[in-house]
Amino acid sequence: MDVVQNLPQSDVVILDRGDGTSAAVHLHGATLLSWQCQGKEILFLSQNAVFDHKKAIRGGVPLVFPHFGPWQHGPQHGFARIKRWKLEIPPSKDKHGNVISAFSLEDDEFTRSSWEKRFRLVYTLVLQEKELSFSLVVHSNDQNPFEFTTLLHTYFRTPDVTRTAVIGLQQLKYTDKVNNDQVLEETREAILLSENYDRIYSNCPPEIVVGRIADGNCSAVLRTLNFPDIVLWNPWTEKAKAMSDFGDEEYKNMICVEAGNVSQPIKIDPGQQIEFTQSIQILPAPSL
Ligand code: TA6
């Protein structure tokens, strides 16, 4: 949280539930920077992250829209994560003590210069006792149907990535972007990383587990709606060195487990809205 505390208050929205549970959202990209669950930081934020209101923030949960990956019309992973969002609903508590806040982004000259579609995004976070829910609603204000891909680029914190298991992807096909986009089948119940991973798992179940995150004594249950894909990414040594906003050794302490709809573009009709959700529930680490 120390990086967050030094940021201008005008840029950061704090959701504080009390009892050591809070979240911090930067209006640049509506990027969730930090989620403290009963005093434990769940997310990874690079010590070298840049907050220049231009570059995507390295860590937390950057929001990918309208395109995952390299894009012929604009920046990689689209513009949502590099635009300043509007605070729609300031943090407020519901009757259960959960803290709700919402952010919005609409098309403007900048977005239309690369992608002429008319849209409105509403991004809502609900901070519960041991769970954080994310809702992204894509509204079409366009006269014509259009297609997009979208993803929540979640960076989990871990004391040792080689002991952080991803459970629930066994027998699924994945595209291996590190090995010429080969399509292979996952054979392991518990996936443990020990090299550069950049994989898109398709047709994923609505619930997976990420074990030994935060201080190593927690696991995360990731539940999704309309996010059939999971991207697993860790840059490992060489790619870590190549990123100026990422410490050379930081690959050891993060794993990206990213819920998205990226394998196939989604079509949205004029006036239609589509909701995408993920929730992350924190439980004691599984006994692996
Ligand atoms: O989510 C995996 C990925 O697509 C990787 O290929 C890598 O590029 C990562 O996203 C980070 O991308 P960024 O543009 O934030 O450096």
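# Exercises on strand pairing, burial and ring pairs

Strand 9 (residues 131–140) and strand 21 (residues 273–284) run antiparallel and are joined by 9 bridges. Strands pair here if DSSP finds at least two bridges between them; strands (E, at least two residues) and helices (H or I, at least four) are DSSP runs, numbered from the N terminus. The model is predicted: local features need pLDDT of at least 70 and side-chain atom pairs count only at pLDDT 80 or more, while totals for chains, interfaces and linings use all residues. Residues are numbered from 1 along each chain as its sequence is written, and side-chain values use heavy atoms, with hydrogens and water left out.

## Exercise 1. Partners of strand 21

Task: Determine which residues of strand 21 stand opposite Ser135 and Cys218.

Solution:
- Step 1. Ser135 stands opposite Thr277 in strand 21.
- Step 2. Strand 18 (residues 218–225) is also joined to strand 21, by 8 bridges, and the two run antiparallel.
- Step 3. In that strand, Cys218 stands opposite Pro284 of strand 21.

## Exercise 2. The open sheet

Task: State in what order the 4 strands of the open sheet stand, and which strands are at the edges.

Solution:
- Step 1. The order is 1-2-3-4, with antiparallel pairing.
- Step 2. Strand 1 (12–18) and strand 4 are at the edges; each has a single partner strand, so one side of each lacks a neighbour in the sheet.
- Step 3. Strand 2 (residues 21–26) is joined to strand 3 by 5 bridges, and the two run antiparallel. Ala24 has Ser34 of strand 3 as its bridge partner, and His26 stands opposite Thr31 in strand 3.
- Step 4. The hairpin of strand 2 and strand 3 has 4 residues between the strands, and Gly29 takes a positive phi near 80° there.
- Step 5. Strand 3 and strand 4 run antiparallel with 2 bridges; the bridge partner of Gln36 in strand 4 is Glu41.
- Step 6. The hairpin of strand 3 and strand 4 has 2 residues between the strands, and Gln38 takes a positive phi near 50° there.

Task: Establish how many residues of strand 3 (residues 31–37) are buried.

Solution: Buried means under 20% relative accessible area, exposed over 50% and partly exposed in between, with a 1.4 Å probe and protein chains only. By this rule 7 of the 7 residues of strand 3 are buried, and the strand is mostly covered.

## Exercise 3. Aromatic pairs

Task: State how many aromatic pairs the structure holds, and classify the pair of Phe44 and Tyr155.

Solution:
- Step 1. The structure holds 18 aromatic pairs. Rings of Phe, Tyr and Trp (its six-membered ring) pair if their centres lie within 6.5 Å; planes under 30 degrees apart count as stacked, over 60 as edge-to-face and the rest as tilted.
- Step 2. The ring centres of Phe44 and Tyr155 are 6.0 Å apart and the planes stand at 20°, so this pair is stacked.
- Step 3. Phe44 is in the loop between strand 4 (40–41) and strand 5 (63–64), and Tyr155 is in strand 11 (residues 155–157), so the pair ties together parts that are 111 residues apart in sequence.
- Step 4. Phe44 and Tyr155 are both buried.

Task: Classify the pair of Tyr174 and Tyr201.

Solution:
- Step 1. The centres of these rings are 4.9 Å apart and the planes are at 35°, so the pair is tilted.
- Step 2. Tyr174 belongs to strand 13 (residues 173–176) and Tyr201 to strand 16 (residues 197–201), so the pair ties together parts that are 27 residues apart in sequence.
- Step 3. Tyr174 counts as buried at 7% relative accessibility, and Tyr201 counts as buried at 0%.

Task: Name residues that ring pairs link into a cluster.

Solution: The cluster holds Phe65, Trp71, Phe79, Trp115, Phe119, Phe146, Phe148, Phe227 and Phe276.

## Exercise 4. The whole protein

Task: Compare the radius of gyration with that of a compact globule.

Solution:
- Step 1. The radius is taken over C-alpha atoms, and the globule rule is 2.2 Å times the number of residues to the power 0.38.
- Step 2. For 288 residues a compact globule would have a radius near 19 Å; the protein has 18 Å, which agrees.
- Step 3. Buried residues make up 56% of the 288 residues, and the protein has 3 helices and 21 strands.
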